[in-house]
Every structure is written in C-alpha cells, then in structure tokens.
Amino acid sequence: MTDAERSEMPDLSVVAPCYNESYNVDALTDRLLRTASRHGFTMQIVLVNDASSDDTGAKIDALAARHHEVTALHHSGNRGLTAGWDSGLAAARGAFTCFIDADLQNAPEDVWRLYRELDGGAADMVQGVRSSIGRLRDGRYLLSRGLNVMLNALFSMRAVDNKSGFVMAATETMREVLQRRYRYHYFHTFIRIAAEARGYTVREVETLFESRNQGQSYIASFPLGTIAKVFLDLAKGLDEFRLRRTPVEGLGTFLDRHPPTRPPEVYRGWRRLRLELFWHSMPLHKWLLTRRTRRIYNELAASQWLSPAACRALQEERLRRLIRHVYLHVPFYRDAMRDLALRPADIAGIEDLAKLPLLSKDDVRRDLYFDLFSDTHRKGDMHRIATSGSTGEPFVTFADRTQLEYRWASTLRALEWTGWRFGDRQARLWHQTLGMSWTQQLRERLDAWFMRRLFIPAYEIGPSNVDALLARLEAHRPVLIDGYAESFNLLSAYVRNRRGKRPSPRAIMTSAQVMPPQVRAGIEEMFDTRVFDKYGSREFSGIAYECDAHDGHHVMAESYIVEILKDGRPALPGETGEVVVTDLNNFSVPLIRYRIGDLATAMDENEPCACGRGLPRIGDIQGRAQAVVVCRDGTWLPGTFFAHFFKDYDYIVRQYQVVQERSGRLRLLIVKGPQYSDARFDEVLALLRDYVGTDTELAVEPVAEIPLGPTGKRNSVVSELEIDFQRPGFGAEMP
C-alpha cells in the first residue's frame, strides 16, 4: 500500500450485519455519521444484508447511493451473524474495524468511546460491556449472564460481558481473531476468547444496551434449541481455544492462503519414529521450548517453498502485527512513534521501516529495563541472552519462548539443507556446557543423545590432543559437522601434512567467523566435503544460511527482516552495507531495525535462487573475523571463546580486548565495569587461566577505552602472530 492509498484509508470501518432491519438501518447510519463528524474521524460503514425477507436490501442500497461512506453487501442466503462479520471485514478499508448489531441496542454513539479507548493505546481489542442501566432483565438476560459465568469458568477468564459482540480492533487483528478451525453456530460468543487465546489483550468499556424498538430478536424467551447449539459450540471452543490454542504468530493460516510451490519432505520409517519421540519428550531436553516447536518446524518445512512474493507478503504481515503490538505495549517504541507522528498503519511494508529510527546496542543497554519490555511479557517465558560478541563489550537482552522455538526449528531446517537428515550422526566443534547450570547441562546431554551428536570441545584443541580428537571424529562417522569456522581452518591446515585417517562428512556447517574463499576451499579439500556457512548472532541465533546452491545466504524470513543499508538507504545489488535486523517473533523484548554491527553485500531480490526457495538472500558477510590465540602449551583458542567467557561478567568488565604479540603471552585490556573490585576480578582471572593454561603469560592492562577498528567495531581479539594457516607445511612442526 502506498502513502497515497493510506492517506485515503478511513480511520474506522463499522461492520453491521443486517437481518430484517429495514426500520433501523437509516437511523443507524445517520447516528454513526453524526458521531464521526462530531469527533473528527473518518468512517466507512459496511452494511451486510443477510438475505432479509423485508426491504432491508433496498434500504442499504439507497444509503450507499446517498453516502459515499456506506458500502452495501448482500448474502444470497441467510448465513448468520458471524458470516456477516466475515463479509464486512473482507470489505473493510479502515485502520480499525468495529462490529455492531444493526438493531440499535448498542448505541452508535458509543462507537466513539470504543475508538477513543483503542486509539489511546489501551489494548489490542476493546469490548463494549452491556451496562445494567436501563437493561431489560428478562429470561434472555438471565441466560446471557449464566453463559458468561460458564465461559469465564471454562476459559479461566474474568470478563464482565464475555459474549458481547460490540468489539473494535485493528482491522488485521480482527481478521486474525476471526480465523477458526471449526464451524460454529454462534462464533460471536467466542470473540473475546479467540482474541485472548491468540495472545491479544482486551479491555472492557461500559456501554449502553437499550431495548429493541423495531424488529425481532432471533433468540426466543427460553430457546432450548439455541441452548443445545451453544453447548455444541462450547465443546468445539474448548478444543480450539483451551486445549489447542492457536498462537498469534501461527504460520499455518498464511500457508492455507498461500500454498507453497512444492510439498515439504516427510520423514518415514525409523527416522519418523525417532523424530516423534524427540518431539514428545521435548520438555525433558529443551528448556523453555515446548511441543509447539513441532508445529513450527513442520510449517517452516513448507514455508521455505513459498514464492519470493509470498515470502515478502508473509514478512510484511508479521511486521504489521509486530508494529501494532509495540505501539500498544512497548513504551520505547510507542514514544518513538508518537515523537515522529507515526501510527501503526504508517508501517505497512518493508520499505516503511525506513520511517523508524535505527536501534543501537547503546539504546538497548539504556532502555532494556523496562521501556523495551512489553507490558504483556511473561517472565517465565523469557531467556536471558548475554554476549560480548566481537566488540568486547558485554551486552544483554532477552528472547521469549516463541522466538526460541522459531530459532530451533529454523536451525533444524537449515541443517537439512546440507543433506543431513534427522537420525544421521553429527558432530559439533563447539562448547557443550560452558556457562550452563547443571540442569541445562543434563538437558544438553540428553538432547545430544537424541540428535546423535558428538561434541568436540573447540576450546581445548591443541597439538597434544588434535590427533585423538580427529580419531574420535572419524570413528563417529558423522554426516554433518558444525562449528566455528576458525576451528575448521585450524584442523584443515593441520591434517594437510598428516597421512592418517581423517573424517569425511557429507557436509560441514561453519559459523561465527568470515569464510574467505581460500579457507572454504582448504576445508573442502582436506575433508573431502562441502562447506555451508551460517550467519548468526547471540541476539538472534541463525539469521541466514547457505543452501546447496551456495549463492548467498537465505534469510530466515519467517523470523527476520534483514536490511542492508549504505549511507542510510537500501544498498543496491553488489553494494556492501550495514546489516540491520528486525526480529518478527520476539514480542517480549522486540528489536526493530537493530544495528548488529556487521557488514554484508546486498543481492538482487528479483533473481531467484537455483534451489527454488523463495526466501530472500544476502551476500558475503563481513565484520565477523576473529583471531586465534595460541597458548603456551600449544592449545589453539578460537577468538569466540572470550565472547562466551566474558558475557556473564559485564558488571566487572565492561569492555575487553585480548592482544597476542607472541606465542604464549596475552595482553588483556579491560575497561572496568560498574561493580569492579580487585578481589572479584582475581576470581574471574583464575577461571580464565583454567582455559588459557597457567603457563600462559597473562598481562592485565586497565584502560579508559578500547579504540574502534577500521570497520567501526572493536575487535575483541587481535593476533599479531605471523601464522599463515594456508601456507604449505603448516602443522608439520607440530608434534
């Protein structure tokens, strides 16, 4: 949608299903238009004739002819109130949509009161509570109150008027709320329940509810048939909204509307059985992740085959949902948008992101507690993410359960791009338990058993054990090995001059460091394999991965929007620019237009990848290079070790830099943290010596600031050793 189209969009669409309301539609329209005029907002009125037997159809056609604000729709047969909502919502053009009955029992003037409450950022949806003032207390009233008590009890709610259909929300929110698994007789009974089940907040507003003066209610005084249908609906509602809640981020409904270009691969036989056991036992070996991850993985297996246009539509749909959420629930973004006179409707597409300011690490450090926290966050669903990355300055944020589940499911999908399949052996050059509690360590080891994963500690590789580690890898016979690029670089340089057996996996997945062409070629030659590169960060995990076409990195579009910016504008294909990431899944601590600190090359979105996937791509990644530290005993420590080590000590060490000028000696430059003490730092230093070795000389140098490097980042590890891992004969001098 263009800015010009948005400027013509009404503020509010009011949808009124009409069945035999010929005496009411004129007054309804007149009172709605006068309300909009009085309070200065624009309105579209959608009148839906549900096959009335009187002249309602002719009346609403005449109203549409007289008033450009009125849209008239007609059903060929009587389909009920909810179908009227569906039809009206499909025609709604407003930023917000309100449902109101056409019988004038809900006062049209109260539409303004709902709009004022919603526009003020109170909640995702507002619901008009039928006031007891002047309300007729007949049998229908008693049945309504009884049903409200029952709904509250069954769905653990405290709503005053649960089943009121006088509701208002952002139009796209309303479309998501109305999606349903079953056919209901009276789905409007569950409108609030559906909203809250999908993660939306609802606020009640007391409104008048007057007696009907014209027309007749479809509900009899004591409607036995209606009661029976309500109980049937309750059984369906319990299953859909209590037992099998559909989360707001659900990808399945988008796939129903946008079928992928090819079906996903399906596991069979023993692999299927092992995978099902893995899913069903997930709470035992994954913290925070639930069995919902299974659904997400299955949806991601399908969504990778969306067309590029559908992928972009998916990103923009999720972006609009995120922007509505942060405007309502995250003070940092609400204030920023109001300062810029922006409304959620102004951010409708990826190109509109440029209207929002960039988010720096310093912004997050300053406003994390609590302006960047959503007021809907649940602390039990949040996981602390700590890193110092390549800058050497500790950084903390939080990921919520949904983001973590998408992270893991995306990783599993990307592993399959290498040719690995669930149940195949794999190995990891990584740390297995660094920084984990004992319960997390237990889960990690159980998870490794399910994944048939062998861990090789990347932080302990050295001349004394490298042959033994290579032998373990060869004996394990992994189909896939993943780990730090610099660790594979070291091993390939070492085995070049060794004639013994070496592992030869089908694929190697590298991460954390830049993968120059000559390094990739050396690893592929030495291990007789193919290298797949992963681009990620602690804040987001895997952001983009290589597929088997090896032509750029596919962005995990279901989770992230990645902008490549040069001089503040989108980089042209082939240009190198700054990587800016928007997380589409973390609603607890949203990171929008986050400056991750890396550089990458932009690619042409109009050129499809040979693999057939529609996911967008970015080119070569820059800015992730890390040095290798050589300890006195010959152990090779990848530079990423220090990022993991220092991430939990930001209160002692605000910034650090490790400099190696000669083998066996390290200079540790530190900028003291706000709670620095010599005694506590000595404890940290003693822990560090367990990894670098007590024989390694470690010179600590407190400094006021660590200067930026040539790429604008602080390099946390700098090596001045003249070690050429690519030179012929490297490793021959090692025992």
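Trainee: At roughly what angle do the axes of helix α11 and helix α13 cross?

Mentor: In this predicted model, helix α11 covers residues 269–280 and helix α13 covers residues 292–303. Their axes come within 8 Å of each other, and the crossing angle is roughly 135°.

Trainee: Why are α11 and α13 described as oblique to each other?

Mentor: The axes of the two helices cross at roughly 135°. Angles over 145 degrees count as roughly antiparallel and those from 65 to 115 as roughly perpendicular. The pair falls into neither class, and α11 and α13 are therefore oblique.

Trainee: Which residues in α13 does α11 meet, and how do the residues of this contact divide?

Mentor: From α11, the participants are Leu275, Glu276, Trp279 and His280; in α13 they meet Thr293, Arg294 and Tyr297. By class, the residues of this contact are three nonpolar, two polar and two charged.

Trainee: What is the strand order of the open sheet of seven strands, and which are its edge strands?

Mentor: The pairing in this sheet is mixed, and the order is β3-β2-β1-β4-β6-β5-β7. Pairing on one side only marks the edge strands, which are β3 (70–74) and β7 (202–207).

Trainee: In β6, which residue is the bridge partner of glutamine 127?

Mentor: Strand β5 (residues 125–130) pairs with strand β6 (residues 167–170) in the antiparallel sense, over three bridges. The bridge partner of glutamine 127 in β6 is valine 167.

Trainee: Which residues have the most contacts inside the largest nonpolar core?

Mentor: This core has 91 residues. Beyond its sequence neighbours within four places, phenylalanine 278 is in contact with residues including Trp408, Phe422 and Phe450. The residues with the most contacts inside the core are Phe278 and Val562.

Terms used:
Residues numbered from 1 in each chain as written. Predicted model: local features only at pLDDT ≥ 70, side-chain atom pairs only at ≥ 80, totals over all residues. Heavy atoms only, no water. Core = buried A, V, L, I, M, F, W, Y, C linked by side-chain atoms within 4.5 Å. Buried < 20%, exposed > 50% of the residue type's maximum accessible area, 1.4 Å probe, protein only. Contact = heavy atoms within 4.5 Å. Pairing = 2+ DSSP bridges. Helix = DSSP H or I, 4+ residues; strand = E, 2+ residues; numbered from the N terminus. Axes fitted to C-alpha atoms, helices over the stretch in contact; angles between N-to-C directions. Parallel < 35°, antiparallel > 145°, perpendicular 65-115°, else oblique. Nonpolar A, V, L, I, M, F, W, Y, C, P; charged D, E, K, R; others polar.
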